[in-house]
Amino acid sequence: KIGCDSILPFIASPVAAAESLLFMLDADTLVEPDYFAVVCAEMARRPQWAGATLEVAHQPAANPAEQRAIDAYEDYLAYYAAGLAWAGSPYAQIAIGSALVARVDSYIACGGMRPRAAGEDFYFAQALRKIGPLGRIAATRVHPSSRPSDRVPFGTGPRIRALAGGEALRFHHPRIFGLLKELYEALAGGDWQKAPVMPPPVAAFLEAEQFEKTWQTILKNTAPSPAARKAAFDCWFDGLKTLRLVHFCENNDRTLAPLAAEDAWNGLRKMGYQGPK
């Protein structure tokens, strides 16, 4: 945050802010030789993007236990993003801080990097997505460190330490993504005059979040078009609320308990997911 914010006084005009990019990297992250060229070219071709995420491949770990841990963690991140994308969520990004790039004007508009002890990349990516589309750049990769850490309460470092120490990593049940897909399909096919009727786990979550009140606010304060109301819904039902829905389903329906990685991937494919692992 200090580094990004310190650049802002040197951006002299709105045009410069729209064209200038902030590349966010940890000090020990490695990049490929074409990193800057690829990112600049992709962002220039897509001026509608507020920012983008890049493909991630962590550096080799110090020992076999830590390597197994980082491999499992990358698989989990890929699975969660794949499930969200298949369901239709606009927040289907792997928000790792060293894999983010943002336009300067979008950075300013969303309030900049969050001053948090952990999870600042997740919250920043979520805020950036509310400004505009967050693209995905696959033509080059970043290579963060796979080191374990206890510097922050959660995130990659603590997760690697826990997994290397023997903690099991369970994946979210694929049927939760199916329920999320039902929600987005109901929104896409509805008349937007009344809130969609959803199955029990989702309905109970929406009730707990006072969604009916939010829905009435959306109807009152947005233009009477599906696109405007969907955009307002997406700002409310953001990445954090999506994750809270996932945990709510796990905690309130025994049939939606987390699964082993292979079972989760197989289940997602049986439901219709056809993308890469």
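**Exercise 1. Count the aromatic pairs in this predicted model, then classify the pair Tyr76 and Phe171.**

Let's start with the tally: the model, which is a predicted one, contains 20 aromatic pairs. For Tyr76 and Phe171, take the ring centres, which are 5.6 Å apart, and then the planes, which meet at 80°. Planes over 60 degrees apart count as edge-to-face, so this pair is edge-to-face.

Next, place the two residues. Tyr76 belongs to helix H4, while Phe171 sits in the loop between helix H7 (156–164) and H8, so the pair ties together parts that are 95 residues apart in sequence. Now check accessibility: Tyr76 is buried at 13% relative accessible area, and Phe171 is buried at 2%.

**Exercise 2. Classify the ring pair Phe233 and Trp236, and say where the two residues lie.**

Here the centres are 6.2 Å apart and the planes are at 50°, so the pair is tilted. Both residues are part of helix H11, where three residues, or about one turn of the helix, separate them. Phe233 and Trp236 are both buried.

To finish with the rings, look for a cluster. Tyr76 and Phe171 join Tyr79, Tyr80, Phe177, Trp265 and Tyr273 in one aromatic cluster.

**Exercise 3. Test whether the length of helix H8 fits its number of residues, and find what its buried side packs against.**

Helix H8 runs over residues 174–189, which makes 16 residues. At 1.5 Å a residue the expected span is 22 Å, and the end C-alpha atoms are 23 Å apart, so the two agree.

Then list the buried residues of H8: Pro174, Ile176, Phe177, Gly178, Leu179, Leu180, Leu183, Tyr184 and Leu187. Their packing partners are helices H4 (64–87), H9 (200–208), H10 (211–221), H11 (226–236), H12 (239–252) and H13 (261–270).

**Exercise 4. Follow Lys181 of helix H8 to its partners.**

One partner is Glu185, with which Lys181 forms a salt bridge whose closest N and O atoms are 3.8 Å apart. The cut-off is 4 Å, so the pair qualifies. The two residues are four apart in helix H8, about one helical turn. Residues three or four places apart in an α-helix point the same way, because the helix has 3.6 residues a turn. Lys181 is partly exposed at 21%, and Glu185 is partly exposed at 46%.

Another partner is aromatic: Lys181 lies over the face of Trp86, 4.8 Å from the ring centre.

**Exercise 5. Find how many salt bridges there are, and describe the one between Arg136 and Glu55.**

The count is nine salt bridges. In the bridge between Arg136 and Glu55, N and O are 2.7 Å apart. Arg136 lies in strand S5 (residues 134–143) and Glu55 in strand S3 (residues 51–56), so this bridge links distant parts of the chain, 81 residues apart. Arg136 is exposed at 54% relative accessibility, whereas Glu55 is partly exposed at 22%.

**Exercise 6. Describe the largest nonpolar core and the contacts of Leu54.**

The largest core has 57 residues, and those with the most contacts inside it are Leu54, Leu180, Leu183, Leu206, Phe233 and Phe237. Helix H4 gives the largest share of this core, eleven residues. Leaving aside residues up to four places away in sequence, Leu54 touches Tyr35, Val39, Ala99, Val101, Ile137, Thr140 and Val142. A second, separate core has 16 residues, including Cys4, Leu22, Tyr107 and Ala125.

Notes:
Residues are numbered from 1 along each chain as its sequence is written. This is a predicted model: local features need pLDDT of at least 70, side-chain atom pairs count only at pLDDT 80 or more; totals for chains, interfaces and linings use all residues. Side-chain values use heavy atoms; hydrogens and water are left out. The expected span of a helix is 1.5 Å times one less than its number of residues. Buried means under 20% relative accessible area, exposed over 50%, partly exposed in between (1.4 Å probe, protein chains only). Contact means heavy atoms within 4.5 Å. A salt bridge is a side-chain nitrogen of Lys or Arg within 4 Å of a carboxyl oxygen of Asp or Glu. A nonpolar core is a set of buried Ala, Val, Leu, Ile, Met, Phe, Trp, Tyr and Cys residues joined through side-chain atoms within 4.5 Å. Rings of Phe, Tyr and Trp (its six-membered ring) pair if their centres lie within 6.5 Å; planes under 30 degrees apart count as stacked, over 60 as edge-to-face and the rest as tilted. A charge sits over a ring if NZ of Lys or CZ of Arg is within 6 Å of the ring centre and within 35 degrees of the ring normal.
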